[in-house]
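Thanks for asking me to look this over with you. Here are my notes as numbered points, so that you can follow along at your own pace.

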Amino acid sequence: MSVIDLKAKQEQIAKNGKIVLLVLALAGCILLIRLWYLQIIKGEHYNQLSQNNRIRVRRVRALRGIIYDRNKNIVADNHPGFNLSIIPENIADIKAVAAELGKHLATLNEDRIIKEFNAIPSYLRYRPLKIKNNLTRDELALLEAHKIDLPGILIEVEPIRHYPYGEACAHLIGYQGFINEQELGQPSYASYYADDLVGRSGIEAQYEELLRGTDGARQVEVNAIGRELNSRIIMPTEAGNNIILTIDIDLQQYLHELMQDSPGSAVAIDPHSGDILAMVSSPSFSNNLFATRISQTDWEAISNNPLRPLQNRAIQGQYPPGSTFKPIIAAAALEDNIVTPKTRFFCGGSFQLGSSTFRCWNKYGHGEVNVSRSLKESCDVYYYQIGNQLPIDRIAHYCSLFGLGKKSGISLPQEKAGFIPTSSWKLEHFHDQWYRGETLSVAIGQGYILTTPLQMAAAYVPFANSGTYYQPRLVAEISNPQTQGKHSTDQESYRLPIAQNHFELIREALWKVVNEKHGTAYNQRITAAGLEMAGKTGTAQVVAQTLEEVEEGGEVPWQYRDHAWFVAFAPYRNPKIVISVLVEHGGHGGSTAAPIAQQAIIHYLQHSDL
């Protein structure tokens, strides 16, 4: 290479070097301008975005109010539960995450998770989506051990409702269920989230607003895959109100055990206050199954049970009262001067009205019967005679005084009113007049008349205390744990416009029902000193049978057998408890329902601190 060529090449290299330097300088300027733009011009904007990606505000659920019985025993409280959620914005492949979770949680429904994940709108993808409540200890350990393979999952501790007495008071306390889409659209549920639980029955539903409390919030710092790094409370929770019920959980449990083999209901009331001491419906169910998401198997077992365990028979079951209705008819007849204590009617086994024959349960007849004996031996003919003279509208008037034919107003949802017919009702609904023969059926607690076990217990309170009706009360006190403020619930009470001597006459007759020979509940008398009970049996016909069918006997299918009633109070001299027992298709009240009432009364009087 000549000297000239070498010089030219050096000049070319120098020239190229300047170009490279120029390009590098230009790139450096662009980079500086971009940094200036990002940090100075858009710095605040991106800083905010960064903070939003790192800082989250998460809800802290308030503790639901505690429910106690009359002696401050807890019947519903909260236990800590570990719930599994996923943070949608931190999950790139939901199918992979669902499959990985499925390896560790046998009951997990992967398809449901994927479906719910895909349904979340983009603006809510930062909010945790709960996929499993109440993890077991083993499930929790497995998830913690494999957390590294599960980006975007969140395990939170939240209160879970717990019912220590389960089936014994499931109908009373009720249960919770997940809120549905229709409810979420209503203003009254504006503060609820899609995975929230709300009261579905019993006290839980009736006092949902008071029990729920106010949720709080905590601020958390998360990393790129959603793991929490730091957390602090920015709004404290306010626990829900506590509720003290009037029930005695010991009696409640005992009655539940007595009723377990018998579909029906039992209600016990304090005759000097109207407070509900126990209220049992059978069969029952475990309300703890609803505290988290109930399994399909458990739900089908409950919902497909032909005995309808979810129904609260104490307030929703409506039955003819049978002969337990006779004391009310006797009081009405005495007060309206249809009969006096000395009035006697002859029972030859039947009563003839026109071409119709109304039969007594005793086909041989009771002979001469006054009001006392009519109750003691439950003579039907005596009440046919009264029904022949006492208009149906007067019967309806007295029924209303005893709380029949209308809701009691007890603090439970979905109470039924029962039914007491009137002449105007029949005219309106059947366009027909009321016939006297229909009154005869009503006079023995049959025909159109329907009552609930709660109504019959409340109706006997005036017989126990000689004249005062108390509206049944289930909630004694509501208290606010934040303010310590308390308030008692009000209830109606009034003196019935029935003469005292009439009440005393009927009270004594009800004592004879249980404590004198030929009384229909004589075999169930309580012989322990000071515990004597008084009461009335009832056998409510489900399907009308002719005399020939009755005499033929034979096995009657269970669903066509009569309902068995017994309503009682004790001790006779100074009653502490009124109890009504209804056994569906149980046959005779004296042999089926009365033993349950007898055992419950003995247990209560011997174990309570009265």
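**Notes on the model**

1. Let's begin with a charge and a ring: Lys-72 lies over the face of Tyr-68, at 4.8 Å from the ring centre. Keep in mind as you read that this is a predicted model.

2. A second charge and ring can be found elsewhere in the chain. Here the charged end of Arg-507 sits over the ring of Tyr-572, and the distance to the ring centre is 4.8 Å.

3. Next come rings that pair with other rings. A pair of aromatic rings is described by the distance of the centres and the angle of the planes. The model has 20 aromatic pairs. In one of them, the rings of Tyr-382 and Tyr-383 have centres 5.2 Å apart and planes at 65°, so this pair is edge-to-face, because planes over 60 degrees apart count that way. Are these two residues buried or exposed? Tyr-382 has a relative accessibility of 1%, so it counts as buried. Tyr-383, at 0%, counts as buried too.

4. Ring pairs can also join up into a group. Which residues do they link into a cluster? They are Phe-419, Trp-425, Phe-430, Trp-434 and Tyr-448.

5. Now have a look at Arg-313, which lies in helix 12, covering residues 313-316. With a relative accessible area of 0%, Arg-313 is buried. Its side chain reaches the backbone oxygen of Arg-308 at 3.4 Å. Beyond the residues up to four places away in sequence, Arg-313 touches several others, including Gly-264, Ser-281, Tyr-319, Pro-453 and Glu-584.

6. Helix 22 lets you try a small check yourself. This helix has 19 residues, 589-607, and at 1.5 Å a residue they should span 27 Å. Why 27 Å? The expected span is 1.5 Å times one less than the number of residues, so the count used is one below 19. The end C-alpha atoms of helix 22 are 26 Å apart, which agrees. Do look along the helix as well: helix 22 bends by about 30° at Pro-595.

7. Finally, find Ile-55 in strand 1, which covers residues 55-60. Ile-55 is partly exposed, with a relative accessible area of 23%, because that value falls between the 20% limit for buried and the 50% limit for exposed. Leaving aside neighbours within four places in sequence, Ile-55 is in contact with Gln-219, Val-220 and Glu-221. Asp-490 is 435 residues from Ile-55 along the chain, and their C-alpha atoms are separated by 49 Å.

Definitions and conventions: Residues numbered from 1 in each chain as written. Predicted model: local features only at pLDDT ≥ 70, side-chain atom pairs only at ≥ 80, totals over all residues. Heavy atoms only, no water. Helix = DSSP H or I, 4+ residues; strand = E, 2+ residues; numbered from the N terminus. Buried < 20%, exposed > 50% of the residue type's maximum accessible area, 1.4 Å probe, protein only. Polar contact = N/O pair within 3.5 Å; in protein donor to acceptor, adjacent residues only side chain to side chain. Contact = heavy atoms within 4.5 Å. Bend = angle between axes of the 7 residues up to and from the residue. Phe/Tyr/Trp six-rings, centres within 6.5 Å; stacked < 30°, edge-to-face > 60°. Lys NZ or Arg CZ within 6 Å of the ring centre and 35° of its normal.
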